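Please open the structure in your viewer and keep the selection tool at hand. The tour below proceeds from one selection to the next and describes what is found at each stop.

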Amino acid sequence: MIDQPTIDRILDAANIVDVVSEFVTLRKRGINYVGLCPFHTDKTPSFYVSPAKNICKCFACGEGGTAVHFIMKHEQLNYFDALRYLAKKYNIEIQERELTDKEKQRRSDRESMLIVNSWAQQYFSTQLYEHVEGKTVGLRYFAERGFREDTIRKFQLGYSLDQRDALYKAATKNGYKKEFLEKTGLVIVYDNGGVNDRFRGRVIFPVHTLSGKVVAFGGRVLKKDEKTAKYVNSPESEIYHKSNELYGIYFAKQAIVKEDRCFLVEGYTDVISMHQAGIENVVASSGTALTQGQIRLIHRFTSNITVLYDGDAAGIKAALRGIDLLLEDGMNVKVVLLPNGEDPDSFARKHNASQFAEFIKQSETDFIRFKTRLLLDDAGNDPIKRSSLITDIIRTVAIIPDNIARSIYIRECSAMMEIDEQVLLNEVNKIRLSKEERQNTQGTPPVSNTMSIIPEYPDIPGYQPIVEDSFLPPPDDAMPLPDDNMPPPPPPMEEYPMEETGPMEVPPPDFPQAQPTQPVHPVQPKRSPYEVYELTLLKYIVRYGEQVLFDYVDEETNEQVIMRVAEYIRYDLERDDLTFYTPIFKSMLDEASEKCKTEGFKASRYFLAHPDPNVSRLAANLISEKYQLSKYHSKYRELEQEQDKLDQLVIRELYAMKDAYILRQIKETQLGIKEAHAQGNEDKVFELMKQLTHLNEIKNVLSKELGERIVLKM
């Protein structure tokens, strides 16, 4: 058995574009990629790959899913063999064994730490808005920084009371253990048993993973005290490795894919101010030099990165090594030097998005040119310094993996440094040859090094982060506008992975290759007559199952009632003795309704990474959208998002399913009346007529709710 941490590392490392492009020629279309489907005879490209969601989908034959499911189908492998295939591709060592009790305890501890951090984030936000100290100190500070309330809530900013153990007391009162409060770094425990809140008297900046989990906090002190550190951050822990996290990546990933560019800044407030100014494709390294783990996180969404500097020469030189790592990873790096006295935070507060973009366009410089000019200015006419900088530049050029780009840089550096191009080329080749010889001598780097730089997201089995954006781009800018008052119709049934054998066909656990077996012809299961309505409701369950649909106080019991999308759909159907009649849909409804209250549960992520390939492929279909609005419509028209009117859409689709059910009952009752007439059974006719009247009354009520026109006979 492959243990879960290893599965997580494989799934995190497997880039869908990288995997699919080995078998399919892909070309960019909008924010995604498109190519000819490898699973059927495809004359026009219908196979789409979304780097943001890390899934693929053919809109002709319906095949698709994660990188694992693609390999399963293409190479005819089972789930675990597909994982082994990807592990080999990404040099990840697999140790197949049962988890020890210690490892099981470690996994449980990690989950507990995430729950504690989630509670702490809510606690800090509550103190900011509801406590007198939070409002007068914390909110005042954010207001002075120019942060709007919507921005503060978006980034889940907070405040920690200036008391020794306020958080500790609140946490233990709510049942959270001292052990996990210490492990997450929320409190400091001394040898004498004393406990202090780590972030007391500070405004709080939660650090989110790619999937939105809160794994750490940064706290800024507001009192002027030379003995007190300006910023305090959570320590390294089981769930937080600073070298693998980027502040703001959770909020920026969709914009990074859309713009095909990432801005890199230094601090929390730089990110927040740029978001507020309308520039959302920005992340921060939180004051540390870039690491391989952080670079891979960015490279997952784009190959283009622009680094913003505030003009501090010492700071720029200290960051150069991290930029070299970007080049080595094959990224296109630009540099922007902000005006003197400005940093991204202050500059963003003074300019809107269009002004900022125009400044970037006019000021950005290719990194190699920037570094060469910077070092040339620093060296002046000193021959020793010039010799040193030339060596430095050559080493930077040598690490660029693309041959054409490397040749162009050699030519440009030759002109800038006034050195013969052939001399530079020879030196670059020496460095690259020496590096290759060292690698051949030493062999492949230890697998543990490769694994250590891949961020871990301890969550559900087979977890894959999901990006909440439209999956597929339009073929052109002319997009049909949806009816504002109607939910989109469900996709055609052939788009769902039900094959010829119906929705309940489950592929065998293995695909034998050496010994062919006799074909199996399963019995065709009867399809539900309400399948189309179930699918529409299932779409809301998969996309928004964990979201709160209703939150109110019951007038009779005076108790607060919270109903989430998944549990309300099941509740509303069951009170009318209805359910989903397609078994796979029913199992997904039950799973979502049972898990939706679980801390950190996200329905789309859970079903997309479901171990049952039928479920995960169906989830990929329901999450993906073939079309999106053109830039023209999204620019000039403020459109209401689907999640903004879930209370209307879900209720309407429930009525629609009940209406279909009643119509079927009416038809069956009418047939029963006809048969009873033929048999001369007047008592049965009378009884069925009463049933028909009752059914028609229900139908009229449902029709009114659905807005249908009812024609009464005169």
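Select D260 to begin. In this predicted model, D260 counts as partly exposed because its relative accessibility is 28%. D260 sits in the loop that joins α10 (249-259) to β12 (262-265). Its backbone merits attention: the phi of D260 is positive, about 55°, although the residue is not a glycine. Most residues other than glycine have a negative phi.

Proceed to D577, in the loop between α22 (565-574) and α23. Here too phi is positive, at about 60°, and D577 is not a glycine. Is D577 buried or exposed? With a relative accessibility of 67%, D577 counts as exposed, since the cut-off for that class is over 50%.

Next, select H610, which belongs to the loop between α24 and α25. H610 has a relative accessibility of 10% and therefore counts as buried, the limit being under 20%. Display its surroundings as well: apart from neighbours within four places in sequence, H610 is in contact with H69, E591, V615 and S616.

From H610, move to helix α25, which spans residues 613-623. How many of its eleven residues are buried? Eleven of the eleven are, and the helix is thus described as mostly covered. The buried residues include the charged-side-chain position R617, and also N614, S616 and N621. Among the others are P613, V615, L618, A619, A620, L622 and I623. To see what they pack against, colour the following elements: the strands β4 (55-58) and β5 (64-65), together with the helices α3 (67-75), α21 (531-544), α23 (583-595) and α24 (603-608).

One of those partners, α21, leads to the next stop. Select α21 together with helix α27, residues 646-679. Two packed helices are described by the angle between their axes and the distance between the axes. For α21 and α27 the angle is about 155° and the axes are 9 Å apart. The two helices are therefore roughly antiparallel. Their crossing is left-handed. On the α21 side, show Y533, E534, T536, L537, Y540 and Y544; on the α27 side, show L646, L649, V650, E653, L654, A656, M657 and A660. By class, this contact comprises eleven nonpolar residues, one polar residue and two charged residues.

For a second helix pair, select α16 (residues 367-379) and α17 (residues 383-398). These pack at an angle of about 170°, and their axes lie 9 Å apart. That angle makes α16 roughly antiparallel to α17. Which hand does the crossing of α16 and α17 have? The crossing is right-handed. From α16, the residues F367, I368, K371, T372, L375, L376, D378 and A379 take part; they meet K385, R386, L389, D392, I393, T396 and V397 of α17. The contact of α16 with α17 contains eight nonpolar, two polar and five charged residues.

Finally, clear the selection and view the whole protein. It has 28 helices and 18 strands. Of its 714 residues, 49% count as buried. The accessible surface comes to about 36,500 Å², and carbon and sulfur atoms account for 49% of that area. Among contacts with a separation of 6 or more, 69% are between residues 24 or more positions apart.

Technical notes: Residues are numbered from 1 along each chain as its sequence is written. This is a predicted model: local features need pLDDT of at least 70, side-chain atom pairs count only at pLDDT 80 or more; totals for chains, interfaces and linings use all residues. Side-chain values use heavy atoms; hydrogens and water are left out. Axes are lines fitted to C-alpha atoms, for helices over the stretch in contact, and angles run from 0 to 180 degrees between N-to-C directions. Helices (H or I, at least four residues) and strands (E, at least two) are DSSP runs, numbered from the N terminus. Angles under 35 degrees count as roughly parallel, over 145 as roughly antiparallel, 65 to 115 as roughly perpendicular and the rest as oblique. A crossing is left-handed if the near helix is turned anticlockwise from the far one by less than a right angle, and right-handed if clockwise. Contact means heavy atoms within 4.5 Å. Buried means under 20% relative accessible area, exposed over 50%, partly exposed in between (1.4 Å probe, protein chains only). Accessible areas come from the Shrake-Rupley method with a 1.4 Å probe; for residues, only the protein chains shown count as cover.
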